[in-house]
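Here are my comments on the model you sent, set out as numbered points. Please read them with the coordinates open beside you.

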Amino acid sequence: MDPKRSVSSIQDVVSTPRRSLSSSFRYGSFVNSVSSVAAEPAEPPLISPWRGYVAVAVLCYVNLLNYMERYTIAGVLLNIQRFFSISDSTSGLLQTVFICSFLLLAPLFGYLGDRYNRKYIVIGGLVMWLITATTSSFVTESVSVK
């Protein structure tokens, strides 16, 4: 039935041929099931599989280092207490301050990551972390806090 044509009687509606759904859609037919199995031409991947594996390995390694770094102070806490001659409460505060810095800086870097290029933020963070870790490894026993 044409939507622009007006209906004057019920005979016009009944006499209009109707299309069956089964004539245009073949649900469950063999034709549809075979065509859905047929291989469609696949698009080439955006990056090579090798490069994807390397990226996942690097991210896993950086994540491993990140979690290991969080517990570094706990692993050497007795040495820090002896070296700086600090009490248990002060050494516990050291770990708390370290974790709270993560807590406070995470929203800041989340905000920056939404607005700027994340690659440069990650590179900057890794460089800062490497400089800090490298320079702290040169601390000797002759250096003391007074």
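1. Serine 85 counts as exposed because its relative accessibility is 64%, above the 50% cut-off. This is a predicted model, and within it serine 85 sits in the loop that runs between helix 6 (77-84) and helix 7 (88-115). Although serine 85 is not a glycine, its phi is positive, at about 55°, and I would point the reader to that value when the loop is discussed.

2. Helix 6, on one side of that loop, holds two residues that deserve a comparison of their surroundings. Glutamine 81 has its place in helix 6 and counts as buried, because its relative accessibility of 13% falls under the 20% limit. The side chain of glutamine 81 is joined to that of aspartate 88 by a polar contact of 2.5 Å. Leucine 78 also belongs to helix 6, but leucine 78 is exposed, with a relative accessible area of 58%. From leucine 78 to serine 91, which lies 13 residues away along the chain, the C-alpha separation is 8.7 Å.

3. How many salt bridges does a search of the whole structure find? The search returns one, and the partners are aspartate 114 and arginine 118, whose closest N and O atoms are 3.3 Å apart. That pair qualifies because the distance lies within the 4 Å limit for a side-chain nitrogen of Lys or Arg and a carboxyl oxygen of Asp or Glu. As background, side chains of opposite charge can pair when their charged atoms come close. Both ends of this salt bridge count as exposed, since aspartate 114 has a relative accessibility of 55% and arginine 118 one of 51%.

4. Helix 8 covers residues 118-136, a run of 19 residues, and reaches 27 Å from its first C-alpha to its last, which is close to the 27 Å expected at 1.5 Å a residue. At the start of helix 8, a side-chain oxygen of asparagine 117 comes to within 3.1 Å of the backbone nitrogen of lysine 119.

5. The largest pocket has a volume of about 1,900 Å³. It is lined by 37 residues, of which Asn66, Glu69, Phe102, Gly125 and Trp129 are the closest to its centre. Which helix gives the most to this lining? Helix 8 does, with eleven residues, while helix 4 (49-70), helix 5 (72-75), helix 6, helix 7 and helix 8 each supply at least two. By residue class, the lining of the largest pocket divides into 22 nonpolar, twelve polar and three charged residues.

6. For the chain as a whole, the description can be kept brief. The protein chain contains eight helices and zero strands, so that, by the definition used for helices and strands, its pattern along the sequence reads α-α-α-α-α-α-α-α. Of its 146 residues, 5% count as buried, and glutamine 81, at 13% relative accessibility, is one that counts as buried.

Key:
Residues numbered from 1 in each chain as written. Predicted model: local features only at pLDDT ≥ 70, side-chain atom pairs only at ≥ 80, totals over all residues. Heavy atoms only, no water. Buried < 20%, exposed > 50% of the residue type's maximum accessible area, 1.4 Å probe, protein only. Helix = DSSP H or I, 4+ residues; strand = E, 2+ residues; numbered from the N terminus. Expected span 1.5 Å × (residues − 1). Polar contact = N/O pair within 3.5 Å; in protein donor to acceptor, adjacent residues only side chain to side chain. 1 Å grid on protein atoms, 1.4 Å probe; cavity = no way out; pocket = protein on both sides within 12 Å on 5 of 7 lines; lining within 4 Å. Points joined across faces, edges and corners; volume = space filled by probe spheres on them. Nonpolar A, V, L, I, M, F, W, Y, C, P; charged D, E, K, R; others polar.
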